[in-house]
Amino acid sequence: MPDDPLSTTFAALADPTRRAILARLARSEATVTELAEPFDVSLPAISRHLKVLERAGLIERGREAQWRPCRLQAGPLREVNEWIARYRAHWEESLDRLDQYLTELQQEKQKDDHHR
């Protein structure tokens, strides 16, 4: 995994199984067995996914007797959101300009159609 936290988070989020695990943990904590239920993969494979998520700081695993619940840790997701937000303004401005241009084209077409 890369050294910077944002790259580590994006690498962890790149896998659809890991994103599905995070979506499940957003509802409530769960055990490895519970997290593995919807997937057609082995428990060791799910454990490997959990290790990637844990290294990225996206989950934490508790220790309650024999039960080791996994919990979502949203801090890294906040950092991703902040990084993306910087570019959101650019795209919104670009889309606003495109919308304005299309509106102008439509108005010109209506004028042309009206003058015919």
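**Exercise 1. Burial and surface**

Determine what percentage of the 116 residues of the protein count as buried.

*Solution.* The criterion comes first: a residue is buried under 20% relative accessible area, exposed over 50%, and partly exposed in between, with a 1.4 Å probe and protein chains only. By this criterion, 28% of the 116 residues of the protein count as buried. The next step concerns the surface, for which accessible areas come from the Shrake-Rupley method with a 1.4 Å probe, and for residues only the protein chains shown count as cover. The protein exposes about 8400 Å², of which carbon and sulfur atoms supply 51%.

The model is predicted: local features need pLDDT of at least 70, side-chain atom pairs count only at pLDDT 80 or more, and totals for chains, interfaces and linings use all residues. Residues are numbered from 1 along each chain as its sequence is written, and side-chain values use heavy atoms, with hydrogens and water left out.

**Exercise 2. Confidence**

State which helix of the protein has the lowest confidence and which has the highest.

*Solution.* The score used is pLDDT, the predictor's confidence in each residue, from 0 to 100. Over the protein, pLDDT averages 90, and 96% of the residues score at least 70. The lowest confidence belongs to helix α5 (residues 75-115), with a mean of 89, and the highest to helix α2 (residues 16-27), with 96. Where pLDDT is low, predicted coordinates should not be read in detail.

**Exercise 3. Elements and overall form**

List the elements of the protein from the N terminus on, and explain why the protein is described as more spread out than a compact globule.

*Solution.* Helices (H or I, at least four residues) and strands (E, at least two) are DSSP runs numbered from the N terminus. The protein contains five helices and two strands, in the order α-α-α-α-β-β-α. Its radius of gyration is 23 Å, well over the 13 Å that the globule rule gives for 116 residues, so the protein is more spread out than a compact globule. Here the radius is taken over C-alpha atoms, and the rule is 2.2 Å times the number of residues to the power 0.38. Along the principal axes, the C-alpha trace spans about 80 × 30 × 20 Å.

**Exercise 4. Two buried residues**

Explain why Leu 35 counts as buried and why Thr 31 does.

*Solution.* Leu 35 lies in helix α3; it counts as buried because its relative accessibility is 1%. Contact means heavy atoms within 4.5 Å. Leaving aside neighbours within four places in sequence, Leu 35 is in contact with Ile 21, Arg 24, Leu 25, Ala 30, Leu 50 and Cys 70. Leu 35 and Ile 21 are 14 residues apart in sequence, and their C-alpha atoms are 6.4 Å apart.

Thr 31 is placed in the loop between α2 and α3 (32-36). Its relative accessibility is 12%, so Thr 31 is also buried. With the same neighbours within four places set aside, Thr 31 contacts Trp 67 and Arg 68.

**Exercise 5. Two partly exposed residues**

Decide whether Gly 57 is buried, partly exposed or exposed, and do likewise for Ala 89.

*Solution.* Gly 57 is found in the loop between α4 (43-55) and β1 (59-61). A relative accessible area of 28% makes Gly 57 partly exposed. Not counting residues up to four places away in sequence, Gly 57 touches Gln 73 and Pro 76. Gly 57 and Lys 109 are 54 Å apart, C-alpha to C-alpha, and 52 residues apart in sequence.

Ala 89 lies in helix α5 and is partly exposed, at 37%. From Ala 89 to Thr 17 there are 72 residues in sequence and 30 Å in space, C-alpha to C-alpha.
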